[in-house]
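Hi,

Here is the structure I said I would pass on. Have a look at it first, and then read my notes below.

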Amino acid sequence: MLIGRDAERRAIEQLIAGARVGAAGVLLVTGEPGIGKTTLLDEAAVLADGLQVLRARGTEAESELPFAGLLQLLRPALTDLDRIPGPQRTALAAALALGPGTAGAADRFAVGAATLSLICRYAENTPVVLLVDDAHLLDRPSAEAVLFAARRLVADPIAMVIAVRSQQLQPFQADLPTLRLDGIPLEAAQQIIRHLPAELVEQLHHTVAGNPLALLELADDPDRLLRIPPGVPLPVPAMLAEAFASRANGLSRDARTALLIAAVDDPELGVVSRGCAEAGVDVAALAEAEAAGLIAIRDSQVQWRHPLVRSAIYTSADPTERRTAHQAVARAAPDPDRRAWHLSEAVLGADDEVAAGLVVAAEHAAARGAYAVAATAYERAGRLSRGSPDAAVRLVAAGEAAWSAGQAERAEVLLDDALLLRPPAPVAIHVQAIRGDIEMKCGSPRRARDILVAAAAESTEPDVAVGLLADAVAACLQLCDTAAGLDAAGRLDSLLPVLERPGARIVGMLASGVAKVLAGGSGGTDQIRDALALTPDDEAGRDRRRQYWTVMGALFLRETGTGRALLQQAMHERREQVALAALPGLLFLLARDDATTDRWADAEASYDEAIRLARETGETTEEAMNLAGLAWLMSHQGRARSQELALRCLRICAQHEIHIGTTWSLFALGDLELARGDPAAALPQYERLVDRLAEYGIKDPDLSPAPELVEVYLRLGRPDDARRVALEHSVLAEAKGQPWSLARAARALGEAGESEQEFLAALSRHEQTPDAFELARTRLAYGAWLRRVRRRVDARTQLRLAVQGFDLLGALGWADQAAAELKATGETARRRVPSTADDLTPQERQIAVLLVDGNSIREAAARLFLSPKTVEYHLRKIYAKLGIHSRGELAEHLASGRT
């Protein structure tokens with residue numbers, strides 16, 4: 001019977017009731033040891049009568065065993081493994097050691113997606129309740145898989161309750177609904193302890209702050225209260241551990257040894273029995289510990305009264321006794337990986353044989369996607385082989401595995417330790433490449449630039465040096481460091497003639513060209529175009545660097561074609577592989593490409609997904625860049641949220657020196673005010689941006705707000721400033737020589753000099769670019785000029801098209817301005833009736849597009865890392881918003897309202 005937890009019981013009851021009717025729910029239960037988390041989960045199991053219950057409990061003994069907790073949780077559901085998408089099935093089978101592991105097969109996010117798919121399949125016929133106790137003791141890969149699924153449960157008949165200690169929330173301190181357990185009230189304590197006087201119970205309750213387990217322990221030894229100084233707070237976990245250790249010290253030597261054997265390994269009685277035999281004691285001695293209330297033996301398992309009992313037994317043992325116990329268990333262990341872990345706890349000093357065993361265990365863990373576990377195994381191997389030439393290599397492997405597990409700080413420490421051992425040059429260069437990648441994604445682009453440039457200088461392999469220099473240029477792009485970018489471009493150009501691989505040559509040419517364009521140098525656009533025309537080998541076609549630079553090069557030219565096709569191929573592959581860490585960057589490039597066309601809704605959906613995934617994967621740089629991109633896009637539509645996004649981005653960029661994100665955010669803030677028709681408010685934002693561009697040395701006209709400043713100055717009655725800015729900008733645009741740049745520059749000259757020839761030149765240039773927004777801006781400016789020179793009929797043609805263009809994009813502020821100009825000619829604009837498709841959220845639009853493109857519900861769910869029920873839930877909302885009932889109608893709505 002649950003006493004003193006009425007409110008908590010109701011919360012669990014409501015959660016499970018929701019699952020019964022198809023509404024998913026997740027609850028994170030937190031509290032100190034002994035507070036009653038396990039008891040509450042037991043009550044949840046009772047309340048789940050008639051439902052399917054999946055249950056797991058973390059243990060210290062299995063905290064370094066890859067996916068031990070996940071296997072425990074999912075075992076009953078594995079009958080449905082063949083019913084989940086193929087790549088996810090492969091990843092989960094490899095992770096749980098149910099099938100062969102291959103490199104990359106068990107990416108940690110792929111395992112999370114597979115976990116979600118499996119429990120949703122399992123819940124199709126009968127609702128499911130998942131109960132995870134002591135989740136802070138789960139192995140890290142299992143914990144991450146559970147968290148991945150928990151974050152995405154929306155519309156499935158599933159309830160999940162996760163219990164963790166208050167001070168050990170990692171990684172569950174995320175955005176999960178939380179129920180904190182505090183001590184039970186005095187009235188409940190008096191119901192639990194009836195054999196003591198009320199005054200003593202009250203004192204006891206006050207001493208332990210209502211902790212139920214501590215109440216029961218002290219109630220068995222009330223004299224203990226007399227040994228506690230009055231008014232001195234007593235840490236409950238420490239007090240409980242001391243009480244349990246004291247009780248164990250009263251056992252016989254054989255019983256204590258058997259108990260210690262049980263504490264260091266698997267609770268399965270057969271395993272404990274073999275370990276006891278190796279230690280020379282009879283497993284039957286555990287009966288003493290059971291009689292003392294420390295353990296219970298049920299279903300051939302040694303069950304600890306509480307995890308603190310196990311911890312107390314282990315930590316109170318003499319170090320020599322612990323090593324002896326680990327040696328005994330190692331000799332008894334049939335699994336070589338488990339044997340290696342125990343031997344690593346048993347040795348003193350270096351031991352190359354044990355280290356070699358740990359390397360094998362690490363390789364097995366990495367093949368299953370358990371990179372956090374692999375990192376620990378590699379690290380131990382490195383520490384145990386410190387006098388060996390392999391020590392540095394093993395620490396590098398540990399750092400790389402830690403980075404693959406998303407543990408950036410840990411990876412940095414391990415890699416620094418490896419460098420202190422002075423590894424061979426190729427190993428040291430590989431270390432710097434990893435460190436550069438870490439800094440690029442979640443650290444400082446400045447440090448990334450310095451690390452990568454230095455590593456490239458040390459490399460004697462041209463292909464490797466080119467890759468490092470290309471990454472350095474990417475860092476310079478984020479940093480807006482044009483001088484260092486040009487220097488890297490010069491070094492790339494010097495290496496191009498000696499490269500062996502076509503893919504490396506393409507990457508080098510593209511990176512060099514982009515650096516030159518950013519700095520306003522000559523030859524950059526031609527170099528990018530030449531690189532895009534080259535045919536790579538098959539290997540380069542899937543190279544991450546080539547994919548990045550091909551799309552980046554196309555974006556710098558403001559052209560579409562090869563870059564977009566390669567990007568879409570990469571996106572398809574990464575979604576199939578559930579490679580979430582690669583998606584934010586690819587989504588950014590896809591969104592940026594869409595944002596320079598008329599596919600604004602698609603761009604918003606990609607930016608939105610990228611921001612969510614970047615936060616989940618810890619990629620700070622990608623989060624900032626996608627925030628900046630979305631802010632800039634929304635600013636063109638005059639949406640207030642643009643300001644919020646831009647300010648968030650500016651905070652991140654200031655902390656990490658992501659200067660390119662700063663420039664975009666300032667551009668967004670200016671464009672927002674201009675879209676609202678407030679040039680006075682836009683001016684300081686644009687002037688701040690001009691100052692920053694000058695500070696950074698950026699001369700790429702595409703990042704300049706000069707055309708916007710020309711318009712602002714004219715509206716504020718400053719024609720001389722407008723002409724000066726227009727002429728200066730025209731020089732930069734002519735140097736770049738690209739249609740998008742030339743079109744904007746010609747429009748600015750037309751507005752500042754009131755030259756029809758420049759407006760016509762701008763319209764001609766726009767025909768060579770896909771940017772519908774800039775075309776509409778030019779039509780508005782040209783039409784307004786025609787009206788001012790009293791050519792009203794000609795003005796109406798341009799202004800009608802401007803209104804239509806802005807309306808289709810959802811740039812309503814600009815459409816209003818164009819409509820006002822049209823009205824001034826004597827004609828009222830025929831405004832587009834907003835499509836109900838415009839009301840779809842970014843995620844709803846993604847789902848709608850995938851379904852219209854022919855994907856099934858399950859295929860769409862797999863691509864977006866959602867459950868099929870969640871996709872169905874969103875589809876119902878889509879149909880309700882649009883007032884439709886079929887996918888055919890959905891396709892028509894998207895086509896009519898596609899922006």
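Is Glu754 buried, exposed or partly exposed? At 48% relative accessibility, Glu754 counts as partly exposed, because that class runs from 20% to 50%. Before I go further, please keep in mind that this is a predicted model.

Back to Glu754, which has an odd backbone. Its phi is positive, about 50°, although Glu754 is not a glycine. Most residues other than glycine have a negative phi, and most peptide bonds are trans. You will find Glu754 in the loop between H37 and helix H38 (756-766).

Another glutamate does something similar. Glu657 is not a glycine either, yet its phi is positive at about 60°. Glu657 sits in the loop between helix H32 (641-656) and H33, and with a relative accessible area of 24% it is partly exposed.

There is also a cis peptide bond to look at, joining Gln170 and Pro171, with omega at about -5°. Pro171 belongs to the loop between strand S4 (158-165) and strand S5 (178-180).

Now the overall picture. The chain has 45 helices and seven strands. Its radius of gyration is 32 Å, close to the 29 Å that the globule rule gives for 899 residues, so the chain is as compact as a globular protein of that length. Along its principal axes, the C-alpha trace spans about 105 × 60 × 55 Å.

A few whole-chain numbers, in case you want them:

- Of the 899 residues in the chain, 58% are buried.
- Among contacts with a separation of 6 or more, 67% are between residues 24 or more positions apart.
- The chain exposes about 35,600 Å², and carbon and sulfur atoms supply 51% of that area.
- There are 99 positive and 121 negative charges, and their mean positions are 4 Å apart.

On to the inside. The largest nonpolar core has 115 residues. The residues with the most contacts inside that core are Ile528, Trp549, Phe556, Tyr607, Trp664, Phe806 and Trp814. If you want one of these to click on, try Trp549: setting aside residues up to four places away in sequence, it touches Ala470, Val473, Ala474, Val507, Leu510, Ala511 and Val514. A second, separate core has 79 residues, including Phe67, Leu92, Ala95 and Val354.

Leu92 is a handy way into that second core. Leu92 is part of helix H4 (residues 86-95), and at 0% relative accessibility it counts as buried. Apart from neighbours within four places in sequence, Leu92 is in contact with Leu70, Leu74, Leu81, Val111, Ala114, Thr115 and Leu118. For a sense of scale, Leu92 and Val360 are 268 residues apart along the chain, and their C-alpha atoms are separated by 21 Å.

The helix I would look at next is H35. Eight of the ten residues of helix H35 (residues 706-715) are buried, so the helix is largely enclosed by the rest of the structure. Which residues of H35 are buried? They are Ala706, Pro707, Glu708, Leu709, Val710, Glu711, Val712 and Tyr713, so you will see two glutamates, Glu708 and Glu711, listed there. The cover over the buried residues of H35 includes helix H33 (659-675), helix H34 (679-696), helix H36 (719-736), helix H37 (739-753), helix H39 (772-788) and helix H41 (812-824). After H35 comes Gly717, with a positive phi near 75°.

Finally, two aspartates that are worth a click. Asp598 is in the loop between helix H29 (583-595) and helix H30 (600-617), and at 41% relative accessibility it counts as partly exposed. Asp598 and Gly805 are 207 residues apart in sequence, but 9.0 Å apart in space from C-alpha to C-alpha. Asp390 is in helix H19 (residues 390-404) and is partly exposed too, at 36% relative accessibility. The C-alpha atoms of Asp390 and Ala356 are separated by 9.7 Å, with their positions 34 residues apart along the chain.

That's what I have for now. Send me any questions once you have had a look.

Cheers

Definitions and conventions:
Residues are numbered from 1 along each chain as its sequence is written. This is a predicted model: local features need pLDDT of at least 70, side-chain atom pairs count only at pLDDT 80 or more; totals for chains, interfaces and linings use all residues. Side-chain values use heavy atoms; hydrogens and water are left out. A nonpolar core is a set of buried Ala, Val, Leu, Ile, Met, Phe, Trp, Tyr and Cys residues joined through side-chain atoms within 4.5 Å. Buried means under 20% relative accessible area, exposed over 50%, partly exposed in between (1.4 Å probe, protein chains only). Contact means heavy atoms within 4.5 Å. Helices (H or I, at least four residues) and strands (E, at least two) are DSSP runs, numbered from the N terminus. The radius of gyration is taken over C-alpha atoms; the globule rule is 2.2 Å times the number of residues to the power 0.38. Accessible areas come from the Shrake-Rupley method with a 1.4 Å probe; for residues, only the protein chains shown count as cover. Lys and Arg count as positive and Asp and Glu as negative; His and the chain ends are not counted. The place of a charge is taken as NZ of Lys, CZ of Arg, CG of Asp or CD of Glu.
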